[in-house]
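Here are some exercises to work through with the model open in your viewer. Try each task before you read its solution.

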Amino acid sequence: NQNPLVLGIETSCDETSAAVVEKGERLLSNVISSQMKVHRRFGGVVPEVASRRHVERITDIIQQALDEAKVTLADLSAVAVTQGPGLVGALLIGVSAAKALSFSTGLPLVGVHHIAGHIYASHLVEPLQFPLVALVVSGGHTELIYMSEHNRFERLGRTRDDAAGEAFDKVARVLGLPYPGGPEIDRLARTGTPAIDLPRAWLEPDSLDFSFSGLKSAVINRLHNAKQRGEEIPAADLAASFQESVVEVLTEKAIRAVQGKEVDRLVLAGGVSANSALRKQLKARCMEEGIHLSVPPLELCTDNAGMIATAGTFQYLDGQLAGMDLNAEPNLKL
Ligand code: KG4
Ligand code: ZN
């Protein structure tokens with residue numbers, strides 16, 4: 001099929017999303033229903049609440065994605081769905097919907113890895129060119145991935161504890177900011193200076209792994225000690241200092257990964273790529289080192305089905321199809 005038209009479905013966390021993508025590069029629709037407001041009062045995503053919400057929204061969202069793309073089920077080539085990783089109860093809703101569609105229409109079914117989706121978001125802006133390194137930073141992941149060609153992923157590094165987005169969310173909580181904390185810290189940091197000395201977890205000299213839990217503890221200790229002494233640390237300075245530490249380590253390890261693999265292309269992906277300091281610093285460092293940096297627009301950085309439909313298209317073209325035994329895999333390996 002020279003002109004594949006793929007419906008993508010994403011329900012791995014707190015966004016119910018469906019999208020239609022043509023030829024793996026043209027976004028015809030990308031409907032995203034965020035549950036942010038629902039989870040906000042709990043200070044984080046509540047899995048049962050998320051699944052229930054997905055069930056309520058999924059049928060409408062799929063119909064809306066088809067309507068906006070001005071296509072019907074009969075026009076489609078395949079249905080692609082996030083198979084994992086993610087919240088199992090949330091993933092199951094998307095997987096069930098995709099299987100039902102596939103079963104009733106005979107459309108081929110494709111199971112997509114959520115991280116592959118985040119990387120392929122970039123392809124909707126400019127074609128991925130291989131070999132490349134991707135820095136995937138989200139609420140659940142912090143990974144450096146090498147891709148030699150379509151559908152081939154090699155993990156170079158990962159977080160050993162908290163994901164970068166998770167660290168942002170936890171530190172925000174300590175600072176009394178609402179969930180999700182990433183955008184809040186980003187905003188607050190702009191009004192502060194990174195004057196507070198916080199650690200950088202470089203780990204072993206040649207390691208491309210990450211660790212953010214020590215940094216989170218350092219922030220908590222700083223606040224605690226200041227409180228005991230009856231002093232006050234400006235929250236904006238703490239936010240700026242924390243962000244600087246995260247951004248510095250992410251940036252330098254990404255550059256190191258690119259140079260270690262002797263490639264000259266870096267793709268940024270995942271919700272944390274919305275961070276203004278990370279975008280700025282990565283851009284500057286890539287410019288210095290002669291690395292081509294690809295950063296998707298904000299709405300494609302966070303969870304959306306457009307990225308799943310895109311990654312799914314390349315799997316479909318490669319014949320990587322799933323059967324009716326496709327299951328949600330909360331810990332799916334890339
Ligand atoms: O990719 P995503 O939408 O969902 C996951 O798959 O996790 O990423 C959400 C994460 C949250 O932790 C959120 O706080 C973080 O991305 N985030 C940010 C920013 N915008 C979103 N972190 C730092 N700065 C931002 N501007
Ligand atoms: Zn994500």
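**Exercise 1. Work out the strand order of the sheet that contains β1, and say which strands sit at its edges.**

Step 1: the order reads β3-β2-β1-β4-β5, an open sheet of 5 strands with mixed pairing. Strands here are DSSP E runs of at least two residues, helices are H or I runs of at least four, and both are numbered from the N terminus. Two strands pair if DSSP finds at least two bridges between them.

Step 2: β3 (26–34) and β5 (109–113) are the edge strands, since each pairs on one side only.

Step 3: neighbouring strands of this sheet are turned by 20° against each other on average, ignoring direction. For angles like this, axes are lines fitted to C-alpha atoms (for helices, over the stretch in contact), and the values run from 0 to 180 degrees between N-to-C directions.

A word on the ground rules: this is a predicted model, where local features need pLDDT of at least 70 and side-chain atom pairs count only at pLDDT 80 or more, while totals for chains, interfaces and linings use all residues. Residues are numbered from 1 along each chain as its sequence is written, and chains are lettered from A and ligands numbered from 1 in the order in which they are written.

**Exercise 2. Follow the pairing from β1 through β2 to β3.**

Step 1: β1 (residues 5–10) and β2 (residues 15–22) run antiparallel, joined by 6 bridges. To get the register, take Leu7: its bridge partner in β2 is Val20.

Step 2: β2 carries on to β3, also antiparallel, through 8 bridges. Here Ser17 has Ile32 as its bridge partner in β3.

Step 3: check the turn. β2 and β3 make a hairpin with 3 residues between them, and Lys23 in that turn has a positive phi of about 55°.

**Exercise 3. Which strands does α11 lie across?**

Step 1: α11 lies across β1, β2, β3, β4 and β5. Its direction is about 130° to that of β1.

Step 2: look at α3 (residues 88–105) too. This helix packs on the sheet, touching β1, β4 (78–84) and β5, with its direction at about 155° to that of β4. Contact means that two C-beta atoms, placed from the backbone, lie within 7 Å.

**Exercise 4. Is Val31 buried or exposed?**

Step 1: find Val31 in strand β3.

Step 2: count neighbours. Val31 has 23 other C-beta atoms within 10 Å, so it is buried. The cut-offs are 20 or more for buried, 12 or fewer for exposed and partly exposed in between, counting other C-beta atoms within 10 Å of the residue's own, again placed from the backbone.

Step 3: list the contacts beyond four places in sequence. For Val31 they are Ser17, Ala18, Ala19, Ile61, Gln64, Ala65 and Glu68.

Step 4: try a long-range pair. Val31 and Ala305 are 274 residues apart along the chain, yet their C-alpha atoms are separated by 7.6 Å.

**Exercise 5. Why do the UniProt "binding site" residues gather at one spot?**

Step 1: UniProt, in an unreviewed entry, lists His114, His118 and Asp303 under "binding site". They span 190 residues in sequence, but no two of their C-alpha atoms are more than 8.8 Å apart, so they gather at one spot. UniProt positions follow the numbering used here, feature names are shortened, and annotations may be inferred rather than shown by experiment.

Step 2: place two of them. His114 lies in helix α4 (residues 114–120), while Asp303 is in the loop between α10 (298–301) and α11 (305–317).

Step 3: check burial. His114 is buried, with 26 other C-beta atoms within 10 Å, and Asp303 is buried with 27.

Step 4: compare contacts, leaving out residues within four places in sequence. His114 touches Ser12, Thr82, Gly84, Pro85 and Gly86; Asp303 touches Glu10, Ser12, Cys13, Glu15 and Ser17.

**Exercise 6. Describe the other open sheet, the one containing β6.**

Step 1: its 5 strands have the order β8-β7-β6-β9-β10, with mixed pairing. The edges are β8 (154–158) and β10 (292–294).

Step 2: β9 (residues 265–269) pairs with β10 in the parallel sense over 3 bridges, and Leu266 stands opposite Leu293 in β10.
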